[in-house]
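Colleague: Before I build anything on this model, I would like a close look at a single part of it, the aromatic ring pairs and the charged side chains that share their stretch of chain. Please take it slowly, and give the cut-offs as you go.

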Amino acid sequence: MTLPAHISIFTGLSPFEHKIFLNGQFYKIDKGYLPFLFKERGYKNWAFLSSSILDRVFGLSKGFDFYEDNINNERRCEDTLNIFKEKLKDLKEPFFLWIHFFDPHTPYTPPEVYRKKFLNPYDGEIAYMDFCISELFKILPENTIILIIGDHGELLGEHGEAEHGVLLYEGGIKVPCILVNPEIKNKKISKPVSFNDIYKIIISYFFENKNLSDIINKLEEKPIISSSLYGKEVFGFEPSKSVIFNNFKLILYSEKNFKLFNLKKDPKEEKDMSKENLEKTRELIKILKNYKFPETLSSFASESEKILKSLGYLMPSKREDLKDPERGVLIEKKVKEAIEKISYNDFKSAEKILKSVLQEFPAHGEALSALGKLYLSLGENEKGLEVFQKLISLRKYDVITNLRYAQALIANKKFDEGEKILENSLSINPRLKEVYGELTKIYSLRNEKEKILNLQKKAEENGIEDFYLLFEMGKILESEKKYEESFIYYHKSYKLDPVNLEVLLALSRALIKKRNPKLSIFYLKQFLRIYPDNIQANYLYGILLYNLESKKDEAKIYLNKALNLCNSIELCNKIKGMILKIENNEKINLEEALL
């Protein structure tokens, strides 16, 4: 997976040594971390990322002078490259540069030109990333030593897995590795090489001044270990381990569930030889027995458990009988089918599918999460909470699971409990954007202005812009008659959601109060294109047309429309009063006219 693989590349350690097995865990950097070693030798270290999976909060930014990770989930390689180009003039040699591209990941959505050129969108994303790499080569100094390496593969349906993370077949773990250096030309290494070998090559060449060709020629073939806890922790499958040594590969799930392949004769891993070659099977199983998975994946587990137990919501963490992952990955199509049916509002069919999945795989995290969110969206909040209680008992260390559980508590009006879990999640990961919005909703409901102000301060410190938080900040400042500042926050929230009804009205209102009603007309026009039957927008637009542009007849059309739509005596009387003023050619005070 992305985070554990990158930590292995930068440290030369396997997950069994650095203890990071999943995305979302927090890594404490050790002294052998490559950026530290380069920094000690006077290098400038820069990183440009394309996925929030590698956000600085997870630990990888240590040792970098510049770490560009201002990303909303993920971004295209061209966008990352353009940010690097803008900084390129400031790059001084010697430098250690990490450019991370993320495009060949689901969903596969290459730019249109590549989508048209390739039938398979995955191929389109690879071709697009190749273009970005070629553009990068054009702007780097000629003497730059370049290492291109993948963090994991993609099975694309081979052996039943659509993506990656569960199974350890070659499609998921065999990655490209290209070293560009004037000292070596057109040299291909046929023996298996691990991230540990790559780390040692970098150390030997840069810090021990050894000849690169000699380093590569002296690489020894040794067992290469791969592992995955993703299937166990997210779906309730048996964990996966594999070892490759002397052309043989063993994949081990449990004492009774393993497979042996001869990679030289069977590179597609289609024929299991474990029963006919017991000696080789025992030899490789013996190697894997030295690698044991930890019981707890993150320090967050104990913190989360403490909070949840104090609230009385944590059930015993009972892991159901672990299931065969090769059978489990086949069920993923059903989960995706259910999620698709939810998008088409076919809720009954989706519920039926998800329940059938959970009957066979009761610890399937994606199915549980989808079912819980389905119930909450339908207003069946107690059912939703029950599902998320099951999920939190299985994944109490996971921040996103804690967030979903808190949302279920809030939906059931258990605000204090939800708030504690959200605040704990934020203390662990202060760059988890969604938490800011959820906490804002609670604070706003209670009219806790001070907490909202402090939350906005924390958001700014961590480079977070959340729609709900920015909008509430605008409301607070408007109530304090700080119209200039309130407009700034309203406008920021408008940029995050330009069709939001409340924001467009708030912007128009703030502009009138800050004596800029002409600009208010711009936002009201935009608003009425989206919401033509809104009372306030028709009313305000009519008033502004009369006051600013003297369009008396047109103004009355909008005010009469607002009158026909109005549903309260007080509001109707106010609109009637404004129509009367227009008919009598009286001047209207804009602030007094506001509803």
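Modeller: I call a residue buried when its relative accessible area is under 20%, exposed when the value is over 50% and partly exposed in between, using a 1.4 Å probe and the protein chains only. This is a predicted model, in which local features need pLDDT of at least 70 and side-chain atom pairs count only at pLDDT 80 or more, while totals for chains, interfaces and linings use all residues. Residues are numbered from 1 along each chain as its sequence is written, and side-chain values use heavy atoms, with hydrogens and water left out.

The rings come first. Two rings of Phe, Tyr or Trp (for Trp, the six-membered one) form a pair if their centres lie within 6.5 Å, and planes under 30 degrees apart are called stacked, over 60 edge-to-face and the rest tilted. By that criterion the structure holds 35 aromatic pairs. One of them joins F38 and F96, whose ring centres are 4.5 Å apart with the planes at 10°, so this pair counts as stacked. Helices (H or I, at least four residues) and strands (E, at least two) are DSSP runs numbered from the N terminus. Because F38 sits in helix α3 (residues 34–40) and F96 in strand β3 (residues 95–99), the pair ties together parts that are 58 residues apart in sequence. Both F38 and F96 are buried.

A second pair brings F64 to W98, with ring centres 6.0 Å apart and planes at 35°, so it is described as tilted. F64 belongs to the loop between β1 (44–48) and β2, whereas W98 is in strand β3, so this pair ties together parts that are 34 residues apart in sequence. F64 is buried, at a relative accessible area of 11%, and W98 is likewise buried, at 8%. These four residues are also members of a cluster, since ring pairs link F10, Y33, F36, F38, Y43, F64, Y67, F96, W98, Y205, F206 and F207.

The charged side chains can be followed along the chain from there. A salt bridge is taken to be a side-chain nitrogen of Lys or Arg within 4 Å of a carboxyl oxygen of Asp or Glu, and a search of the whole structure returns 35 of them. In one, K39 pairs with D65, the closest N and O atoms being 2.4 Å apart. K39 lies in helix α3 and D65 in the loop between β1 and β2, so that pair ties together parts that are 26 residues apart in sequence. Both ends have some access to the surface, K39 being partly exposed with a relative accessible area of 38% and D65 partly exposed at 37%. Another salt bridge forms between the side chains of R75 and E68, at 2.3 Å from N to O. Here R75 is buried, with 12% relative accessibility, and E68 is buried too, with 13%.

Beside E68 in the numbering comes D69, which is placed in the loop between β2 (66–68) and α4 (77–87). D69 is buried, with a relative accessible area of 3%, and a polar atom of its side chain lies 2.8 Å from the backbone nitrogen of R56. Leaving aside residues up to four places away in sequence, D69 is in contact (heavy atoms within 4.5 Å) with L49, D55, R56 and R431.

Some backbone details around strand β3 deserve a check in any preparation of the model. The peptide bond from E93 to P94 is cis, with omega near -5°, and P94 is in the loop between α4 and β3. T106 and P107 are also joined by a cis peptide bond, with omega about -5°, and P107 is found in the loop between β3 and α5 (112–117). As for the cluster members Y205, F206 and F207, helix α8 (195–207) is followed by a loop that leads to α9 (212–217) and holds N209. N209 has a positive phi, near 55°, in a residue other than glycine, and N209 is exposed at 69% relative accessibility.

For a residue of intermediate exposure outside this region, take I178 in strand β5 (residues 177–180), which is partly exposed with a relative accessible area of 44%.

Conventions
A polar contact is a pair of N or O atoms within 3.5 Å; within protein, one must be able to donate a hydrogen and the other to accept it, and residues adjacent in sequence count only if both atoms are side-chain atoms.
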